[in-house]
Each structure stands twice: as structure tokens, then as C-alpha cells.
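Work through the exercises below with the structure open beside you. Try each task before reading its solution.

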Amino acid sequence: MFKKILVACRGEIAMRVIRCCQEMGIETVQAYSEADRGSLPVQFATENVCIGPPAASGSYLNIPAVIAAAKAYHCQAIHPGYGFLSENADFAEACRENGIVMIGPSAEVIRRMGDKQSARMLMKKNDVPVVPGSDGILKNVQEAEQIAEKIGYPVLLKATAGGGGRGMRIAAEASELEKAYEEAQAEALAAFGNGDLYLEKLIVSPRHIEVQILGDSQGHLLTLGERDCSIQRRNQKLIEEAPAMILNKHQRAALYKAAFRAGKAVNYTSVGTVEFVLSPDGSFYFIEMNTRIQVEHTVTEMVTGIDLCREQIRVAAGLPVSFRQSDVVIRGHAIECRVNAENPAKNFQPSPGTVRFLHFPAGFGVRCESAMYNGCTISPYYDSLIAKIIVCAPTRLQAIRKMRMALEEMTVEGPDTNINFLYLIMFDQNYLLGNFDTLFLSRDTGKLLNWDSRSQRRKR
């Protein structure tokens with residue numbers, strides 16, 4: 001087992017990794033930017049080291065600085081968390097070349113699955129259902145037009161190097177395709193330095209379902225249940241649940257088998273997620289594999305009782321998974337809400353600033369993940385996610401009620417947050433009945449914002 005790990009991420013996931021290492025008796029070194037000098041991970045880690053300026057390009061994305069920090073502090077491994085360098089194949093290669101373990105899959109796996117079109121073709125070869133579309137990278141808009149005419153509109157243009165909803169455009173009809181192609185290509189070039197696109201049939205009103213997998217270097221690969229991540233805003237997940245209430249036992253079994261084949265196709269090691277879209281007719285299709293620990297890994301932990309962070313570190317050290325597939329049992333229902341420092345009434349405008357007062361909810365079946373503390377500063381340089389609230393209860397309705405109570409209790413004074421917005425979703429009739437898809441918030445945001453939140457969320 002590792003003696004010391006460099007934590008090359010920030011915020012709540014850095015705290016998650018540090019706490020896990022403390023439980024395992026592993027020392028940690030927190031790599032931080034100048035903007036995070038006073039952050040909670042810096043205060044809780046065994047040691048800490050500044051790796052650059054506030055801008056992520058000079059710090060958290062600076063591969064030479066991260067590697068140098070790990071070597072200077074004699075770390076055997078680096079945990080990249082999620083975001084930043086977590087799915088960067090060049091970083092994984094740099095770690096290997098310097099005799100350092102990156103806690104995650106190999107550079108080869110990251111590269112193969114990071115190229116969305118390459119991953120799509122690999123899945124087709126291994127009998128994993130994929131959305132109908134182009135068989136390779138589009139040569140030009142004329143080829144896109146020919147394929148779209150064949151498979152039918154609406155279609156979705158996607159950047160092969162994409163992620164987080166960037167480099168994606170929808171064309172509902174032929175007259176929209178050329179403009180969508182140009183916009184997707186330009187955004188992909190700006191965001192990833194790669195303007196390659198491919199085209200898929202747009203699945204209308206889908207659910208976003210993902211399966212958690214875990215593999216080790218001994219050849220064991222396990223599935224650990226699924227999550228419904230359909231409550232999204234601009235392709236960014238906001239609320240996640242486990243298990244997915246929409247699935248029947250036959251669909252669930254088929255999803256697990258497909259996720260297993262996907263993992264085996266690349267000899268996957270570490271924790272990872274195989275993501276699918278589920279169409280209204282019950283068909284499902286592979287969309288991508290995330291080769292890192294997910295923001296929403298917590299809901300899977302709550303319903304399985306398995307510490308995914310611990311298992312990720314164990315298998316990175318060459319140890320086998322500590323349990324068998326038959327030991328994985330789903331109990332109850334878990335929900336996660338992402339608390340962001342943003343103002344929903346102002347088009348979700350980011351709201352950095354100082355936290356004057358903070359109170360987290362607690363109680364049986366309630367879990368909070370955050371790096372906030374009273375007097376801390378929410379930085380304008382990074383993602384607006386400031387906390388995750390996770391609840392677990394025997395049934396979905398009980399979990400929703402528990403989440404309502406937790407959101408009532410959660411208090412953040414200073415920056416604006418989306419807590420009230422999340423709270424109102426917990427009362428939405430369609431959400432309660434499970435009648436939602438990935439466009440739920442696109443349709444209902446206005447209605448939710450027009451509700452009188454003061455009559456819903458308890459006054460303090």
C-alpha cells in the first residue's frame with residue numbers, strides 16, 4: 001500500500017480523498033493553487049504544496065508542476081479526483097514515466113475511451129448498443145447531411161474530444177445542420193483544441209442512466225448498480241439517484257451486462273462509469289465511459305455500503321477488489337443534490353464570495369460532502385459546485401422527504417446558492433412521479449423559479 005499520496009484536485013473531492021487516506025493510514029500532500037491557500041484540504045492534509053497561480057492552466061492542469069510536487073514530497077501515487085487531470089492520458093503517461101502511480105486506469109484506456117468516436121466503434125465491436133450515426137469522424141458538413149438524411153432528424157453533432165456538454169449541437173431539421181456543424185466545431189476547437197465531430201441520431205426525451213464499474217489488475221470486473229442522472233441543466237447533472245426507478249429487472253440486467261462488456265473490452269481497472277441513454281421505448285444506448293471517480297459516486301456508496309474511494313486506491317496499489325459480485329446488494333434509495341454557488345433567478349449567474357455563516361444538515365441517512373467552512377471564500381476561478389447533500393432511505397418517497405428536510409436545514413449565508421431551486425424540485429409533481437427526462441429542467445425551470453419559495457422552504 002502507498003505510504004503517501006499527492007492529492008491533485010480541490011474542493012469536496014479533495015476532502016473525500018484525504019479522509020479516505022486518513023482512514024487507511026496513508027499520508028497526504030495537498031497540491032493547491034494560490035487561490036486555494038486557505039482551503040480546507042490544505043488545512044487537513046498531512047502536508048501541502050503550492051503548485052501555481054489561481055488559473056487552473058498554471059496549477060491544477062500544469063502537469064510538470066504536479067509531477068514535480070509529487071517527486072519533491074516522495075509520493076508514490078497521485079489522486080487526480082475528478083475534473084482537471086483525472087482523464088488526461090498525457091498526465092497518466094507522465095506519471096508512469098516518473099515512477100509514480102496515477103490512481104485511475106492506464107493512459108491507453110483513458111485515451112481510447114476519451115475519444116468518443118473511438119469508444120463508440122469499440123463498443124460496437126463488443127456488442128454494446130450504440131446510438132445510430134456516423135461510423136467515423138465526419139469529413140465535412142456534406143457527409144453529415146448524407147448521414148442525417150439516412151438515419152432521420154433530429155440529430156446530434158458531438159465533439160469526439162468533448163465533455164461537459166461542450167462541442168454539442170442539435171439539428172432538428174436539415175436547414176439547421178450547417179449552422180449546428182459550424183458552431184459545434186468552433187466550440188470544440190476552442191475548448192479542446194480538436195474540432196473533429198461525429199453525428200448521432202438524437203434520442204428524444206431520454207433518461208440518462210449510468211452503471212458503476214470497478215476492476216482490478218487481477219482481471220476481476222464488477223458492476224455496482226446504476227444511477228439515474230436525468231435531472232440536468234445544460235448537460236450538467238444536478239440531481240442523481242440510485243437505483244433508477246424507471247428500470248425493470250430485465251432492463252437492469254441487460255444494462256449491467258452491457259456495462260460489463262464495455263469494461264472488459266478495455267481490461268478496465270479502477271472505478272469507472274459506463275453511461276447510457278434510455279429511450280422512451282425502453283431501448284438503451286452507450287454514450288461514453290468516464291474513466292475516473294464520479295461526482296455522484298456517493299449515491300452508489302449509500303445503497304451498496306461500499307467505499308469506492310478506498311477500493312480505487314487499493315486496486316491502484318495492485319490489490320484485488322475486496323469483495324465479490326455476489327456481495328453487491330442494493331438496499332434502499334439514495335438521492336444526491338449538487339449545491340452550487342449561483343443565482344437561479346439571474347440565469348444561474350455564478351456567485352463567488354465569502355461564506356459568512358454555514359450550517360450543514362445532519363441526521364440518520366444524511367451525508368454532506370463539502371470543503372466549505374465559516375469564513376471561507378468561494379473562488380471565482382473554478383466550478384461553482386460547493387457542496388453535495390446525499391440522503392438514503394428505504395424507499396424513494398422517503399428519500400425525497402429526507403432530502404426536503406436536509407435542504408431546509410442547509411444554510412449558506414454570503415454567496416447566492418441554488419438550494420431553494422433544488423428544494424422546489426423535491427415538490428414538483430412530475431419529479432415525484434418519476435415523469436422526467438434530461439430536458440426536464442429546460443421545460444420546468446421557469447415554473448420552478450416563479451413559485452413562491454418562501455412558502456415552500458421553511459423560514460429561519
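**Exercise 1: a sheet**

Leu6 and Val29, the latter in strand 2, stand opposite each other. The model is predicted.

Task: Find which strands lie at the edges of the open sheet of five strands.

Solution.
- Step 1. Start with one pair: strand 1 (residues 4–7) runs parallel to strand 2 (residues 27–33), and four bridges join them.
- Step 2. Write down the order of the sheet, which is 3-2-1-4-5, with parallel pairing.
- Step 3. Look for strands that pair on one side only: these are strand 3 (47–52) and strand 5 (101–102), the edge strands.

**Exercise 2: the largest nonpolar core**

Task: State how many residues the largest nonpolar core has, and which helix gives the most to it.

Solution.
- Step 1. The core has 38 residues, and Ile239, Met372 and Met426 are among those with the most contacts inside it.
- Step 2. Elements that each supply at least two residues include strand 11 (236–242), helix 12 (396–409) and helix 13 (419–425).
- Step 3. Helix 13 gives the most, with six residues.
- Step 4. Another core, of 31 residues, lies apart from this one; Cys20 and Val328 are among its members.

**Exercise 3: the whole chain**

Task: Decide whether the radius of gyration of the protein chain agrees or disagrees with that of a compact globule.

Solution.
- Step 1. For 460 residues, a compact globule would have a radius of gyration near 23 Å.
- Step 2. The protein chain has 22 Å, so the two agree.
- Step 3. Add the burial: 57% of the 460 residues are buried, where buried means under 20% relative accessible area.

Terms used: Residues are numbered from 1 along each chain as its sequence is written. This is a predicted model: local features need pLDDT of at least 70, side-chain atom pairs count only at pLDDT 80 or more; totals for chains, interfaces and linings use all residues. Side-chain values use heavy atoms; hydrogens and water are left out. Two strands pair if DSSP finds at least two bridges between them. A nonpolar core is a set of buried Ala, Val, Leu, Ile, Met, Phe, Trp, Tyr and Cys residues joined through side-chain atoms within 4.5 Å. Buried means under 20% relative accessible area, exposed over 50%, partly exposed in between (1.4 Å probe, protein chains only). The radius of gyration is taken over C-alpha atoms; the globule rule is 2.2 Å times the number of residues to the power 0.38.
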